[in-house]
Amino acid sequence: MKNLWSEKGARAAVESHAGQGVSADIALRVYSARLLGGDPKLVLHGGGNASVKTPAKCVTGEAVPALFVKGSGHDMGRIEAAGFAAVRLEPLLKLAKLDKLDDRDMNNARACHLLDSHSPDPSVEFLLHAFLPHKYCDHTHSDAVLAVTNQADGGKLAHEVYKGRAGVVPYMKPGFGLAKKALEVYEGNPGVEALVLIKHGIFTFADSAKEAYGRMIDMVSLAEKRLTQGRKKVF
Ligand code: ZN
C-alpha cells in the first residue's frame with residue numbers, strides 16, 4: 001500500500017482549519033481520516049473510524065480532556081471536523097475499571113458524556129478508542145487484514161504476519177467487552193504498533209497522526225505481502 005501522507009497537504013489542512021478556529025490536532029485528524037477513507041481497500045467493508053484525544057473548550061472557557069471520535073454515518077473519505085463527536089474522556093476511562101457494562105449503559109455513557117448535544121453519535125467503537133492511551137487511533141476494516149484473519153487459523157496467521165509488532169484480539173462483537181479485551185491485549189505488550197481484531201479489522205495508534213497513519217499502511221502492507229506469498233504456497 002502506498003503511504004499518501006504529504007507534508008504540504010497536512011500543512012494546508014492545519015492552515016485551512018485554523019481559519020475556522022479548529023485546532024491543529026483536529027485538522028490533522030481530519031486530514032489522515034480522509035486519507036484512510038479515500039482508499040476502498042481499507043474501508044470497503046463498513047467504514048472504519050478514527051479518533052484523537054485533545055482538550056475541548058467548554059462554553060465557560062475551561063479546557064476538558066476529550067476524545068474526538070468519528071460520528072456514526074459519516075463517510076471517512078469526506079469527513080469534516082464537525083463529523084467528529086467530542087466526548088469527555090475522564091468518565092470513559094473510569095468505565096475501563098468495570099468488569100461488565102451492558103449495551104444500554106454503554107449507550108447511555110455515549111450520549112451523556114457528549115460535550116455538544118448537537119454533535120453526531122460517536123461510533124459504537126468509541127470505548128476502544130478511549131481505552132487505548134495513544135493520542136491518535138486509526139481503525140479500518142482492511143480487505144487484506146480480513147483475508148488473513150477470516151481463515152480458520154486466522155489468529156496463528158496474524159501472529160506469523162506481524163511477529164510481535166501487533167497484538168491479536170480474538171473475535172468479539174463491538175462493544176464494552178471488545179474494548180476491554182483489546183485493552184488487555186495491548187497492556188500485555190504495550191510496545192505493539194497495532195491491534196489486529198480477528199474477523200473484524202485493525203487498529204493502529206501513535207502520538208502523531210502521521211505515525212498512526214504510517215503504521216496502518218505498514219501493517220496492511222504486511223498482510224498484503226502475506227496474501228501474495230499465500231497464493232503461491234499456503235492457501
Ligand atoms: Zn470496526
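**Strands, loops and overall form of a predicted protein model**

Strands β7 and β8 (residues 194-197) run parallel to each other and are paired through 4 bridges. Two strands are said to pair if DSSP finds at least two bridges between them, and the strands themselves (E, at least two residues), like the helices (H or I, at least four residues), are DSSP runs numbered from the N terminus. The structure is a predicted model, in which local features need pLDDT of at least 70 and side-chain atom pairs count only at pLDDT 80 or more, while totals for chains, interfaces and linings use all residues. Residues are numbered from 1 along each chain as its sequence is written, and side-chain values use heavy atoms, with hydrogens and water left out.

A look along β7 shows how its side chains are arranged. Strand β7 covers residues 166-169; Ala-166 and Val-168 point one way, Gly-167 and Val-169 point the other way, and all are buried. Here, buried stands for under 20% relative accessible area, exposed for over 50%, and partly exposed for anything in between, using a 1.4 Å probe and protein chains only. Across the pairing with β8, Val-169 stands opposite Leu-197.

Strand β1 (residues 49-53) offers a second example of a covered strand, with 5 of its 5 residues buried. On one side of β1 lie Asn-49, Ser-51 and Lys-53, and on the other Ala-50 and Val-52. Strand β1 has an antiparallel pairing with β6 (residues 136-140), made over 4 bridges, and in that pairing Asp-138 is the bridge partner of Ala-50. Strand β1 also pairs in the antiparallel sense with β4 (residues 66-70), over 3 bridges. There, Lys-53 has Leu-67 as its bridge partner.

Several loops around β7 and β8 are worth a visit too. Just before β8, the loop that follows α9 (176-188) holds Glu-193. Is Glu-193 buried or exposed? Glu-193 counts as buried because its relative accessibility is 17%. Leaving aside residues up to four places away in sequence, Glu-193 touches Arg-165, Phe-203, Thr-204, Phe-205, Arg-215 and Met-219, where a contact means heavy atoms within 4.5 Å.

Two lysines in loops share a feature of the backbone. Most residues other than glycine have a negative phi. Lys-163, however, has a positive phi, near 45°, and Lys-199 likewise has a positive value, near 55°. Lys-163 sits in the loop between α8 (154-162) and β7, and its relative accessible area of 67% makes Lys-163 exposed. Lys-199 belongs to the loop between β8 and β9 (201-206); with a relative accessibility of 47%, Lys-199 counts as partly exposed.

Another lysine, Lys-180, is found in helix α9. Lys-180 is partly exposed, at 24% relative accessibility. Which residues does Lys-180 touch, not counting those up to four places away in sequence? The contacts of Lys-180 are Ala-96, Lys-97, Leu-98 and Phe-131. By way of a distance across the model, the C-alpha atoms of Lys-180 and Thr-60 are separated by 34 Å, with their positions 120 residues apart along the chain. Further along, Ser-208 is placed in the loop between β9 and α10 (209-232) and is partly exposed, at a relative accessible area of 30%. From Ser-208 to Asp-116 the C-alpha distance is 25 Å, and the two are 92 residues apart in sequence.

Stepping back, the whole protein contains 10 helices and 9 strands. Its C-alpha atoms fill a box of roughly 60 × 45 × 30 Å along the principal axes. The radius of gyration is 17 Å, which agrees with the value near 18 Å for a compact globule of 235 residues; this radius is taken over C-alpha atoms, and the globule rule is 2.2 Å times the number of residues to the power 0.38. Among the 235 residues, 51% count as buried. Of the contacts with a separation of 6 or more, 68% are between residues 24 or more positions apart.

The surface and the charges complete the picture. The protein exposes about 11200 Å², of which carbon and sulfur atoms supply 53%; accessible areas come from the Shrake-Rupley method with a 1.4 Å probe, and for residues only the protein chains shown count as cover. The 31 positive and 26 negative charges have mean positions 5 Å apart. Lys and Arg count as positive and Asp and Glu as negative, whereas His and the chain ends are not counted; each charge is placed at NZ of Lys, CZ of Arg, CG of Asp or CD of Glu.
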